[in-house]
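Biologist: Please take one part of this model and look at it closely for me: the surroundings of the ligand. I would like one connected account, and you may start wherever you find it most useful.

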Amino acid sequence: MARLVIVSNRVPNRDEQAGPRAGGLVAGLADVLAPGTLWFGWSGQRADVTSGAVREVEQAGITYGVMDLGDADYRAYYLGFANGTLWPLFHMMPALTRFEREEYTAYRAVNRAFAAALMPLLRPDDVIWVHDYQLLCVAQALRELGVTNRIGFFLHIPFPASSLFEILPPARELLAALTAHDLIGFQTESDREHFLHAIARLHVPGADLACRTVVTPAGIDPAGFAALAARASRRVEARRVVESLVGRALMIGVDRLDYTKGLPARFDAFGKFLARYPAHRRRISFLQVAAPSREEVDRYRALREELDNKVGAVNGAYSDFDWVPLRYMARTVSRGLVGGLYRIARIGLVTPLRDGMNLVAKEYVAAQDPTDPGVLILSRFAGAADSLTDALIVNPLDVDGMAEAIERALTMDLAERRARHAALLAAIEKTSAAAYCRNFLAALVAVGRVAPPPLRPASD
Ligand code: ADQ
């Protein structure tokens, strides 16, 4: 049976001491991997130069192969081209997108270094699955080294409209690099359409490319997350939150601190809600947990400042002696506690300006008590909105519309909450993490007709 080799920029945090890390890719995959899998990526550590030396660690039957990144590569590849160019552009924010040719050169060099370091670890029948925008060119580099294995790629973030993608100077080169994969996976139909449109407009060769793409939305383990959330809602921190509410409804937001997540407009919407519906003022408490990420990037520092100011404005205007309307915690909390907070919350507010999928929306649904569930408010520009149509769907730029949705969620009767939740739960079960992996790998091996690598027995 073929072995599965996962390649991603970061590998799961194997060091419990280092505490939890927020991030969708790892959360989605880690639960479903079978023993015997090799997971290869950056260690998260920096060295003087990228030497390509690999350290292998085995844990629960999974082998993790990691390499360090040189300081200059970290800046040019990771902070530069991956997160200063591709991340904003793929989220359709051209005004935030910069381009430096040296950073792009470093990006390609690091992708080649990944390929060269991985190559000696490969076996002839391995099935290789590369993840996300940091590693668009690894497969091409592996092919140049003579690797003929099945290689699949999955893009976790959106693929932008082709007119935007084309502003990237190496647009055509990057598309050509992607065609080195046997299969290319996307979160939504619209991402796939954008990609195929770009291929056509830039005349990238690859006649059968449409048959080598697949849409497999990323998901979670709904039953596992529900059990974790039920346990966690009894934890001491969760009980402290409940006590602090004294009869008020909790509204929760949980995000990586990122400008794509729409936090400033979300805070404005909450302020608007308090202004427009004075009767609800003391009946709701909004808790936003935002995990700092990519703090070396200026944009992210500016976002932090903007949010601090907005929190001050809302609380300054509406706080009372015994009520703080908006509590904002710029930190990562444990996965268990996140689940417990979702379960306590009457409203889950997920309003990214643009998001590949957004697993927080799925986690919030899974965490609810089905007999008395909360209401999900979801941006139409999250990939998750394609399947979670029974959420209250909002436009994340429409501050008034979001304020109205908060009011509607707060006053929704139990029958409607239950009906919506049942439909949402069915949708997240259909697009679970297990289904995501199964569907992608089935499509990848169908392209090459090899025996599929094993996954853990499905819990969905
Ligand atoms: P992300 O942008 O990281 O992932 P998302 O899908 O929302 O976004 O996943 C975030 C994960 O981190 C969730 O599991 C969440 O619980 C956790 N998390 C976030 N903030 C946290 C905090 N403060 N404390 C603790 N945990 C926190 C990328 C794409 C997404 C896509 C995923 C998976 O950007 O669009 O859904 O990959 O494909």
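**Around the ligand**

Modeller: Let us start with Thr 351, which sits in the loop between strand E12 (347–350) and H13. Helices (H or I, at least four residues) and strands (E, at least two) are DSSP runs numbered from the N terminus. This is a predicted model, in which local features need pLDDT of at least 70, side-chain atom pairs count only at pLDDT 80 or more, and totals for chains, interfaces and linings use all residues. Residues are numbered from 1 along each chain as its sequence is written, and side-chain values use heavy atoms, with hydrogens and water left out.

Thr 351 has a relative accessible area of 0%, so it counts as buried; the cut-offs are under 20% for buried, over 50% for exposed and partly exposed in between, with a 1.4 Å probe and protein chains only. Its side chain makes a polar contact with the side chain of Arg 266, at 2.8 Å. A polar contact here is a pair of N or O atoms within 3.5 Å; within protein, one must be able to donate a hydrogen and the other to accept it, and residues adjacent in sequence count only if both atoms are side-chain atoms.

From that loop we can follow the chain into helix H13 (359–367), one of the elements that supply at least two residues each to the shell around the ligand. The others in that group are helix H1 (24–30), strand E9 (249–256), strand E10 (284–291) and helix H12 (335–344). There are 29 residues around the ligand, and His 156, Asp 355, Met 357, Leu 359 and Glu 363 come nearest; a residue is near if one of its heavy atoms lies within 4 Å.

What sort of residues make up the shell, by class? The shell has 15 nonpolar, 7 polar and 7 charged residues. Ala, Val, Leu, Ile, Met, Phe, Trp, Tyr, Cys and Pro count as nonpolar, Asp, Glu, Lys and Arg as charged, and the others, Gly among them, as polar. Domain 1 (4–219 + 433–447) and domain 2 (222–430) each give the shell at least three residues, with bounds from an automatic or database domain assignment.

Now for atoms facing oxygen atoms of the ligand. A backbone N or O atom of Met 357 lies 2.8 Å from a ligand oxygen, and a backbone N or O atom of Asn 358 also lies 2.8 Å from an oxygen atom of the ligand. For Lys 261, a polar side-chain atom is 3.1 Å from a ligand oxygen. The protein covers 95% of the 710 Å² of accessible area that the ligand has on its own, areas being from the Shrake-Rupley method with a 1.4 Å probe, where for residues only the protein chains shown count as cover.

Finally, the two strands of the shell. E9 and E10 pair in the parallel sense over 8 bridges, where pairing requires that DSSP finds at least two bridges. Val 254 stands opposite Val 289 in E10. In E10, 8 of the 8 residues are buried, so the strand is largely enclosed by the rest of the structure. In a regular strand, side chains alternate between the two faces of the sheet. On one side of E10 are Ile 284, Phe 286, Gln 288 and Ala 290, and on the other Ser 285, Leu 287, Val 289 and Ala 291, all of them buried.
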